[in-house]
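Colleague: I am new to this structure and should be grateful for a close look at one part, the packing of its helices. Please set it out step by step.

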Amino acid sequence: MSPLELLVLAIWVMLPAYVPNNAAVVAGGGRPIDGGRTMGDRRLLGDGKTWRGTVVGTLAGAALAYLLNLLQPTVVSFLGIGVPTFPLAAMIALPLGAMLGDIAASFIKRRTGRKRGAAFPGLDQLDFAVVALVLTAVVAPSWFLSVFTAGLLVVILVVTPIFHVVTNVLAYLFGFKHEPW
Ligand code: CTP
Ligand code: MG
């Protein structure tokens, strides 16, 4: 597979995990998941992780996977790149894993004394992708093994932080986010 085909494939399979965080930024608000609870003198997760953002983000990613399934035959015939369809388990695991990874990162940020919105370089850019991949591997193992070759995983781990930085800077410039990360 050419590098360009690998890149298209990486974007295709990760789109359902990329969209949830952005959807959560737009939809977020309301009751925080931790309900205001603290651990020691710090919040468990903080006000940046809400039920509405998490549910809407997960549904947005699953809906996108559904849309990609509809588009898949056309993409294969026009681009000639063998992008896969998403089984139901992956349609849910990719966005849900992305949201859980982001939530886990908030937990780590609070434990390490970082306030809501503080940056944690490295963690911020990969938390969602890693947990999305691990959860998908657990709930859809045969699909995962047939799609995610070692080469594809390397491309994903390289391009995901780049996309994350670019989308967050854009979201900040357009006024959706309070911080550019
Ligand atoms: N958001 C949400 N629910 C989520 C994730 C995000 O409601 N599960 C919304 C919140 O309004 C949040 C915004 O999206 O403030 C930006 O998301 P993110 O950068 O992940 O959160 P932060 O505010 O930076 O909080 P933290 O430091 O805990 O990551
Ligand atoms: Mg943030």
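Modeller: What follows describes how three helices pack against one another, and then turns briefly to the ligand.

This is a predicted model, in which local features need pLDDT of at least 70 and side-chain atom pairs count only at pLDDT 80 or more, while totals for chains, interfaces and linings use all residues. Residues are numbered from 1 along each chain as its sequence is written, chains are lettered from A and ligands numbered from 1 in the order in which they are written, and side-chain values use heavy atoms, with hydrogens and water left out.

Two packed helices are described by the angle between their axes and the distance between the axes. Helices are DSSP runs (H or I, at least four residues), numbered from the N terminus. Axes are lines fitted to C-alpha atoms over the stretch in contact, and angles run from 0 to 180 degrees between N-to-C directions.

Helix α1 (residues 3-27) and helix α4 (residues 123-139) have axes that come within 10 Å and cross at roughly 135°. That makes α1 oblique to α4, a term for angles that are not under 35 degrees (roughly parallel), over 145 (roughly antiparallel) or 65 to 115 (roughly perpendicular). From α1, Met14, Ala17, Tyr18 and Asn21 make the contact, and from α4, Phe128, Ala129, Ala132 and Leu133; contact means heavy atoms within 4.5 Å. By class, 7 of these residues are nonpolar, 1 is polar and none is charged (Ala, Val, Leu, Ile, Met, Phe, Trp, Tyr, Cys and Pro count as nonpolar, Asp, Glu, Lys and Arg as charged, and the others, Gly among them, as polar).

α1 also packs on helix α6 (residues 150-173), at an angle of about 45° and with the axes 9 Å apart. That makes α1 oblique to α6. Among the contacting residues of α1 are Met14 and Tyr18, and those of α6 include Ile156 and Thr160. This contact has 13 nonpolar, 4 polar and no charged residues.

The pair α4 and α6 has axes 8 Å apart, at an angle of about 140°. That makes α4 oblique to α6. Phe128, Ala129 and Leu133 are among the residues that α4 brings to this contact, and α6 contributes residues including Ile156 and Thr160. Here the residues divide into 9 nonpolar, 3 polar and 1 charged.

As for the ligand, a polar side-chain atom of Ser106 lies 2.6 Å from an oxygen atom of ligand 1, and one of Arg110 lies 2.7 Å from an oxygen atom of ligand 1.

How values were computed. Helix = DSSP H or I, 4+ residues; strand = E, 2+ residues; numbered from the N terminus. Polar contact = N/O pair within 3.5 Å; in protein donor to acceptor, adjacent residues only side chain to side chain.
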